[in-house]
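Here's a friendly walk through one protein model. Have the structure open as you read.

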Amino acid sequence: MSDTPFGFGLPPEEPEDGDEGKKKDQQSGGGQGPANPFGFGGLPGAGGFGGPGSDNPLAAMFGSLNPTDLGAAFQQLGQMLSYEGGPVNWDMAKQIARQTVAQGTSDGTKDASVGPAERKAVEEAVRLADLWLDDATSLPSGSGSAVAWSRAEWVEATLPAWQELVDPVAERVGAAMGDVLPEEMQAMAGPLIGMMRSMGGAMFGTQIGQAVGVLAGEVVGSTDIGLPLGPAGKAALLPANVEAFGKDLGVPREEVRLYLALREAAHQRLFAHVPWLRSHLFGAVDGYARGIKVDTAKLEDVVGQFDPQNPEQLQDALQQGMFQPEDTPEQKAALARLETALALVEGWVDAVVHAAAKPRLSSADALRETLRRRRATGGPAEQTFATLIGLELRPRRLRDASRLWASLTDARGVDGRDGLWAHPDMLPTATDLDDPDGFVHREQLDFSELDKMLGEAAGGSAGKPDLSKREGEGEKGDDGKGDDAE
C-alpha cells in the first residue's frame, strides 16, 4: 500500500548529488521508505515509530485505543460521521496537526513557546535583511512586521493557505463519490453517500493534519515552498527550526538566522509588490488540480463494499492510486505553468539573496549550497507539496531560473530585471529556462502603443503604469508593482 496521502505516487527523482543524495533522502524520510512522514505507519501518535497501532490509520486520532480512550474515540468517530462541511474536515486537520507538533520531531525535540530574546533576535535579523536587500532589488520592503513562531503557531497561521491549496483536489473526490452510483440509486443511497463524504472529509483532514504537523517540525519560515503560506506582510521565522537547520553546519548561529531572514524578507517583497502573483500561483494549483481524475472503477468497488464499521477501508482506497493526472495537453500545460512560476519565484529569491549576502556573509556560499541540496534531495517542503497536490518541484528548474535572473541583472540591471514582474506575460517561460541567453538578449517588445490604447480605454485616467518602461530606464519606483496588470 502506498504511504502517500490521497493515492499520489511520487515519481522517482534522481538527486543531483547521486548516491549520496539517495542516502540522504532515505535517511530524512524522503520518498516512500519507512521513514516517510506522510504515511501513517511511521508517525508518533500512530502507535509510535513501529509501535502498536502503527498500521491503523485512525490511530493518530484514537491513540492506542486502550479502554480509557474508548469514550473519546467513539466521540471523535461521531464527530467524523456528523461532519457536513466541505471536502476536508479542517477542524480535524488542525487538531491532528497540533497533536503531531506536540509529540515532537523524530530527533526528540519538542515544540516550545518563543521567548522574548528569540523574538527580538528575529526582528533584528529581518530588519537588517531588509536593509541589505535594498541594494539587491528595486522592490521595496514587504514586511510590515517580523514575527517569531513556534511550530504550533506556524500550523495555525498557515492552515488557511493549505485549505486553498488542497480543497480543489479533495473536491474532486467528493464529487466522484456522488457520481459512481446510477442516478436512480443515488436517492436510495443518499445516507450512505453522505456518510462516505463525511468519512472522506475526516480522512483527508487526518492526512493533511499529519503532513502539516510533520512539516511544522522542519520549515524555517512562512515561504519555504515558494508560496505565501502566512498572513500578508508578516516575515516569520521559527527559531527552533532555524537552530536545527544550522546544527552541524559550522556556521555561526547569527549568520544562519540572518541568511534565512534574507530569504523570508525577499519572498515578502515579491508577494507584496507583485499583486497578481499570489492569485496566479494559487490559480495554477487549482487549474492543475482540476485535471486530476478519479479512478471511478476503484471507487465503485469501494462504494459497493463499504462497511461503516470498517472506516479504514475508505482510507486504504484513498492510498491505492485512485487519483491520476489526466494525460491531456491542458493538464501538461497547467503543470508546466505551475512548475515554471514556482521556479521563477525561487530562482529570483536565490539570486537576490545571494547578491545581498555574498559581500557581507563569509558563509553565504555554503548556506546557499546547503539550501539547494536540501531541495535537490527532496526536502520536507517539496515532499509535502508533491504529496498534497500531486506534483513535485524540479530542482533543476530552480537552478536554471536562478542563473537566468542573475544573467538578467548583468544585462539589464536591477530595475530591468525586476520590471519583468509587472505582468505574467512578461516573465520567462519554461523554454526560456532552457535558453536563458536567448531570453536575456532578446529584443524587448515596444509597449508604448499598448499603453496608449489602455490609457484611452480608461478615459485617460491617472495612475496607469507606463508599460513602455521595462528595461530600467524609468524611475526606480517603476519596479513591477503592476497594480493594473491583472
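Let's start with a word that will come up a lot: "buried" means under 20% relative accessible area, "exposed" means over 50%, and "partly exposed" is anything in between, using a 1.4 Å probe and protein chains only. Helices (H or I, at least four residues) and strands (E, at least two) are DSSP runs, numbered from the N terminus.

Some ground rules. This is a predicted model, in which local features need pLDDT of at least 70 and side-chain atom pairs count only at pLDDT 80 or more, while totals for chains, interfaces and linings use all residues. Residues are numbered from 1 along each chain as its sequence is written, and side-chain values use heavy atoms, with hydrogens and water left out.

**The whole chain**

The protein chain has 20 helices and four strands. It runs to 486 residues, and 53% of them count as buried. A contact here means heavy atoms within 4.5 Å. Among contacts with a separation of 6 or more, 77% join residues 24 or more positions apart.

**Two helices to find**

Pick out H10 (residues 253-273) and H14 (residues 329-357). The expected span of a helix is 1.5 Å times one less than its number of residues. Here is how the two compare with that:

| Helix | Residues in helix | Expected span | End C-alpha distance | Buried residues |
|---|---|---|---|---|
| H10 | 21 residues | 30 Å | 30 Å | 18 residues |
| H14 | 29 residues | 42 Å | 41 Å | 21 residues |

In both H10 and H14, the end-to-end distance agrees with the expected span. With 18 of its 21 residues buried, H10 is largely enclosed by the rest of the structure. H14 is mostly covered too.

**What packs against H10**

For a helix pair, axes are lines fitted to C-alpha atoms over the stretch in contact, and angles run from 0 to 180 degrees between N-to-C directions. H5 and H10 have axes that come within 8 Å and cross at roughly 65°. On the H5 side, the residues making this contact include Ala 125, Val 126 and Ala 129; on the H10 side, they include Ala 261, Leu 262 and Ala 265.

H9 (residues 239-246) also packs on H10, at an angle of about 115° and with the axes 10 Å apart. There, Val 242, Glu 243, Phe 245 and Gly 246 of H9 meet Arg 253, Val 256, Arg 257 and Leu 260 of H10.

**Two loop residues**

Is Asp 248 buried or exposed? Asp 248 sits in the loop between H9 and H10, and it is exposed, with a relative accessible area of 75%. Its phi is near 70°, a positive value in a residue other than glycine. Most residues other than glycine have a negative phi.

Ser 143 is in the loop between H5 (116-133) and strand S1 (145-148), but it is buried, at 16% relative accessible area. Its C-alpha atom is 4.6 Å from that of Gly 233, although the two are 90 residues apart along the chain. Ser 143 also touches other residues, including Val 126 and Asp 130, along with Ala 265 and Gln 268.

**The core**

A nonpolar core is a set of buried Ala, Val, Leu, Ile, Met, Phe, Trp, Tyr and Cys residues joined through side-chain atoms within 4.5 Å. The largest one has 92 residues, and those with the most contacts inside it include Trp 154, Leu 277 and Trp 421. H14 gives the most to this core, with 13 residues. Leu 277 touches Leu 270, Phe 271, Val 345 and Trp 421, leaving aside residues up to four places away in sequence.
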